[in-house]
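User: I'm new to this one and would like a close look at a single part of it. Could you walk me through that part and then show me how it ties in with its surroundings?

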Amino acid sequence: MAANYWDSTQRKYWTFTKQQLAQERRKNEEADRALVQQFPLPDRRLLSIHFNHQLCKLARPLSVRQQAIATAQIYVRRFYLKVEIRRTNPTLVLATALYLACKMEECPQHIRMVLAEARHCWDTTLTDTSKLGECEFSLISELNSQLIIHHPYRALAEYTATFALSAEESALAWSIVNDHYLTDLPLLHPPHVIAVTAIFLAVVLKPTQGGLGVSAQGVQGVLQSLSATMGQSSPARGGGAATSAPGTPGGSLGGGGGAAAQNRMMGLVSWLAESSVDIEAVVDAMQELLSLYEIWEQFTNNLCKDQIAKFVKARGLDK
Amino acid sequence: MNQPSTNTPILSAGSVPSAAASARATQAQALKNSVQAAFNDPSDSSQAMFAGYSSKKCVNERYRIIGFISSGTYGRVYKAQGRHGQIGEFAIKKFKPDKEGEIQYTGISQSAVREMALCTELAHPNVVHTVEIILEDKCIYIVFEYAEHDLLQIIHHHNQPTRRAIPARTIRSILYQLVQGLLYLHKNWVMHRDLKPANIMVTRAGKVKIGDLGLARLFYKPLHSLFTGDKVVVTIWYRAPELLLGSRHYTPAVDLWAVGCIFAELLSLRPIFKGEEAKMDSKKTPPFQRNQMQKIVEIIGLPTKERWPLLTSMPEYSHLNGLAAGNPRVSRPVGLENWYKQCLKNNQYPDGQSPESPGADGLSLLQGLLEYDPHKRLTAEAALSHPYFTGPMEKPSENCFEGSKIDYPNRRVSQEDNDIRTSSLPGTKRGGLPDDSLIGRPAKRLKEG
């Protein structure tokens, strides 16, 4: 429930292992094999970035708060876990998810406003509120009416105070939480794990260099410390994404303040070791995020847009 | 005034008219069909996916509708049985589309969305269990476990002139279970916001279940102040003073005030603060509920800033002074203690603390619940550890009918559901009988603005 993630439908029905997720998606793809082969799509994370851009574009003129956008992203991700995307009009699904999320997050928008803004900023052919209303039925039905979402923001706010993060670090951690909605992480780990992960990354990333300034060395260091904490000496666990991250600015952790930052990090690591937070999950989340930042380099909005338009047009899904 | 007799006919076991039996049977069958018709929608969903939503579950295929239970601003409730061996009986709430006879999807109301989400998420023995939710043919159906009774019906049953008060142990068990359910809701950051006798269900086995989460919502750090969403909450007689005084940031304490009102009503068999609702003016600004506030003040006296420090910062504070003018009952209130003693005497509860009487502990609990200052008012948790429940007597029973020989009539279920699309008055309409709002129950609530 709202206060109690552990009894929530999110934990009971919408948290999976990677194997379960892969299996579910394989099952869906096999059911629509011809369709999937006929209309190739970019990596799911790139599509998610595209969706996020679209949602933010729609949300801005409506002054929708971030938490409602996040809820909408989760609805979309859950929905496409159950319904093959090539059978849907993603534009309609996005608009509907935001419309529904606004109601759940107590910042309701009129259906006509959502539709009007969608037409205005997405340049879509959506004209009929009843389409949105109908899609809302599909969405709620596929989501089994399980619409209450536990976000990492609350835990993040608590940890920010606990660890006395600077304003920059806190802002960075917040945007890392925003980024995790572009990955499968919301379907894999509890929200507090994401919050912890965001804080770790915020402390090693360099806020001054702007959003994505990943310090490969710093992250590598953290991953190793965490692995050590887990009592696993295997370097493979900490390696992977971080070391091979190309195109990320190098440089040592925190520039001149390396030693202080290092101490800070060790403090976090030992806090984590003593807490009941699943360290393995934190490491996994960190790697997922790093590989997101890596693949982000390849993102072009138009590619996603075109490939979606292909199946939508060919199948007349926007009619 | 306040004669309970106006209420008595409502739930008395209806006498069957002695018309020709066969004609009646035919008619009954026709009506039965019309009840069933409420679940048949002529529009089909033969279009392909994304050109059309089609439900995987069909309410008619899964349930057999037995009859109509009640209607309100939200829609209608029907009694049903499972067609596939589902255990027990069910109450199916069919949400009314925003506009009657709506043939297009218009978007689901926020309160329906909230109710669906909360019903799916919540699970507690003292909260009505949701079996499933079916979205079919532009309609939303929430399937609940069926409860044979509710507190309004129990109060009405005792209200008849020949009957006596509700046994003290029944009241104690009801209240204990009610507050346990409420504690669960509050622990999960859910405010009910519409507690009243009609919304508290009681099963045949004496289990109390909080129902109707149509106004309930989460209160953890709302994005908007609670005031902006729903201008007015809680049926007027059960509305807490901070709401009457226009508080914008109210708390779960509003539910505890309602529990206090319900406790008083169980004891006295009539609403303790039976005010008249002032209607919304044309500008849609909620008016000051003078009459309701007056009813409260006449019994427990005017609130003071000594007892309620934030009183003077309430938006409608200025109206309070005007209440006393020319009204001796305001300047010389009855006092809750006197009201309580009189009530116990009238209803022949014996003196002193015993299983047969709520005694002094009952008064103390009632005072704790009907406390003006929401910060001082008992919380659900504190109420549960009140001596009324934890004192030397045995623990309140999990079955509120334990030790009671009273046989409450079953819920009236009618076949007179002439036309689902047109005939729905607001208010808590009960099977086959006049709308409650017509005989003195206030209209359920205003829809959110």
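How many residues does helix α3 of chain B have, and how far does α3(B) reach from its first C-alpha to its last?

Analyst: Happy to, and keep in mind that this is a predicted model. Helix α3 of chain B covers residues 110–121, which makes 12 residues. From its first C-alpha to its last it reaches 16 Å, close to the 16 Å you'd expect at 1.5 Å a residue.

Now for its surroundings. α3(B) is mostly covered, with 11 of its 12 residues buried. Among those buried residues are B:V113, B:M116, B:A117 and B:L118, but also the charged-looking names on the list, B:R114, B:E115 and B:E121. An α-helix has 3.6 residues a turn, so residues three or four places apart point the same way.

Two of those residues are worth following outwards. Start with B:E115, which is buried because its relative accessible area is 2%, under the 20% cut-off. B:E115 forms a salt bridge with B:K93, and the closest N and O atoms are 2.9 Å apart. B:E115 sits in helix α3 of chain B while B:K93 sits in strand β3 (residues 89–95) of chain B, so the pair ties together parts that are 22 residues apart in sequence. B:K93 counts as buried too, at 5% relative accessibility.

The other one, B:R114, takes us across to the partner chain. The side chain of B:R114 meets that of A:E106 in a salt bridge, 2.9 Å from N to O. Side chains of opposite charge can pair when their charged atoms come close. The count between chain A and chain B is 1 salt bridge. The rest of the meeting between the chains looks like this: 41 residues of chain A are in contact with 36 residues of chain B. The area buried between them is about 3,400 Å², and carbon and sulfur atoms give 64% of that.

Let's step over to chain A and see where A:E106 sits. A:E106 follows helix α6 of chain A and has a positive phi, near 60 degrees. Helix α6(A) itself runs over residues 90–104, with 15 residues and a reach of 21 Å from first C-alpha to last, close to the 21 Å expected at 1.5 Å a residue. α6(A) is mostly covered as well: 14 of its 15 residues are buried.

There's a salt bridge to find on α6(A) too. A:K103 pairs with A:E136, with the closest N and O atoms 2.5 Å apart. That pair links distant parts of the chain, since A:K103 is in helix α6 of chain A and A:E136 is in helix α8 (residues 129–142) of chain A, 33 residues apart. Both A:K103 and A:E136 are buried.

A cysteine is worth a glance here as well: A:C102 counts as buried, at 1% relative accessibility. The closest cysteine sulfur to that of A:C102 is in A:C107, 4.3 Å away, which is too far for a bond. Over all chains, the count comes to 0 disulfides.

As for chain A as a whole, it has 18 helices and 0 strands. Of its 319 residues, 58% count as buried. Among the contacts in chain A with a separation of 6 or more, 81% are between residues 24 or more positions apart.

Back in chain B, there are strands to look at further along from α3(B). Strand β4 (residues 130–136) of chain B has 6 of its 7 residues buried, so it is largely enclosed by the rest of the structure. β4(B) is joined by 6 bridges to strand β5 (residues 139–145) of chain B, and the two run antiparallel. Within that pairing, B:L135 stands opposite B:I140 in β5(B). The two strands form a hairpin with 2 residues between them, and B:D137 in the turn has a positive phi of about 50 degrees.

Chain B also has an open sheet of 3 strands in the order β6-β8-β9, with antiparallel pairing. Its edge strands are β6 (149–150) and β9 (208–210), each pairing on one side only.

To place the salt bridges in context, a search of the whole structure finds 26 over all chains. One network of them links B:K79, B:E89, B:E148 and B:R204. To come back to where we began, α3(B) holds B:E115, tied to B:K93 by a salt bridge, and B:R114, whose partner is A:E106.

Terms used. Residues numbered from 1 in each chain as written. Chains lettered and ligands numbered in written order. Predicted model: local features only at pLDDT ≥ 70, side-chain atom pairs only at ≥ 80, totals over all residues. Heavy atoms only, no water. Helix = DSSP H or I, 4+ residues; strand = E, 2+ residues; numbered from the N terminus. Expected span 1.5 Å × (residues − 1). Buried < 20%, exposed > 50% of the residue type's maximum accessible area, 1.4 Å probe, protein only. Pairing = 2+ DSSP bridges. Disulfide = S-S within 2.5 Å. Contact = heavy atoms within 4.5 Å. Buried area = accessible area lost by both parts, 1.4 Å probe. Salt bridge = Lys/Arg side-chain N within 4 Å of Asp/Glu carboxyl O.
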